[in-house]
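Me: I have a model open and want a quick walk through it. Can you take my questions one by one?

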Amino acid sequence: MQQTIQMNLKRMKNFIGFAKSYLIRKNPVKAFINEMIATIKDMLSINKKRKLAKYRLNYQMYKLNQMEKLIAANNEHVFLRGNKFNEMR
């Protein structure tokens, strides 16, 4: 009976030691606080990120429109241009 109690106490002591070491290494409270701070920073900087994404999208659309105009200017099969349409008549 006494050996069983001693064995269980030893196991509990080992478990508490492992749990303490884990909590020191991987502090869940500190990790949670760091995650909350990162989330708040993301929330505060989302407007800046949105503006940057909008600028990049507008720039890409501008380049696409430029390319489409260049292709249309050099394309013989576009019949809606003034000179080509008049020459064909």
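**Fold, surface and contacts**

Reply: Start with burial: of the chain's 89 residues, 0% count as buried. Buried means under 20% relative accessible area, exposed over 50%, and partly exposed in between (1.4 Å probe, protein chains only). This is a predicted model: local features need pLDDT of at least 70, side-chain atom pairs count only at pLDDT 80 or more, and totals for chains, interfaces and linings use all residues. Residues are numbered from 1 along each chain as its sequence is written, and side-chain values use heavy atoms, with hydrogens and water left out.

Me: How much area does the chain expose?

Reply: About 9200 Å², with carbon and sulfur atoms supplying 64% of it. Areas come from the Shrake-Rupley method with a 1.4 Å probe; for residues, only the protein chains shown count as cover.

Me: What is the secondary structure of the chain?

Reply: There are 3 helices and 0 strands. The pattern along the sequence is α-α-α. Both element types are DSSP runs, numbered from the N terminus: helices are H or I, at least four residues, and strands are E, at least two.

Me: Take α1. How many of its 24 residues are buried?

Reply: The count is 0, so α1 is hardly covered.

Me: And what are its expected and actual spans?

Reply: Helix α1 covers residues 2–25 and should span 34 Å; its end C-alpha atoms are 35 Å apart, which agrees. The expected span is 1.5 Å times one less than the number of residues.

Me: Now α2. How far does it reach?

Reply: α2 has 46 residues and reaches 63 Å from first C-alpha to last, close to the 68 Å expected. At Ser45, α2 bends by about 45°. That bend is the angle between axes fitted to the seven residues ending there and the seven starting there.

Me: Which residues form the nonpolar patch?

Reply: Val29, Phe32, Ile33, Met36 and Ile37, with about 480 Å² of accessible area together. Patch residues have over 30% relative accessible area and no salt bridge; like charges are joined within 9 Å, nonpolar side chains (Val, Leu, Ile, Met, Phe, Trp, Tyr) within 5 Å. Ile33 sits in α2, residues 28–73. Ile33 is partly exposed, at 44% relative accessible area.

Me: How many salt bridges does the structure hold?

Reply: Just 1. The side chains of Asp42 and Lys49 meet at 3.5 Å, N to O. The cut-off is a side-chain nitrogen of Lys or Arg within 4 Å of a carboxyl oxygen of Asp or Glu.

Me: Why can such side chains pair?

Reply: Opposite charges can pair when the charged atoms come close.

Me: How exposed is Asp42?

Reply: Asp42 is partly exposed, at 42% relative accessible area. Lys49 is partly exposed too, at 48%.
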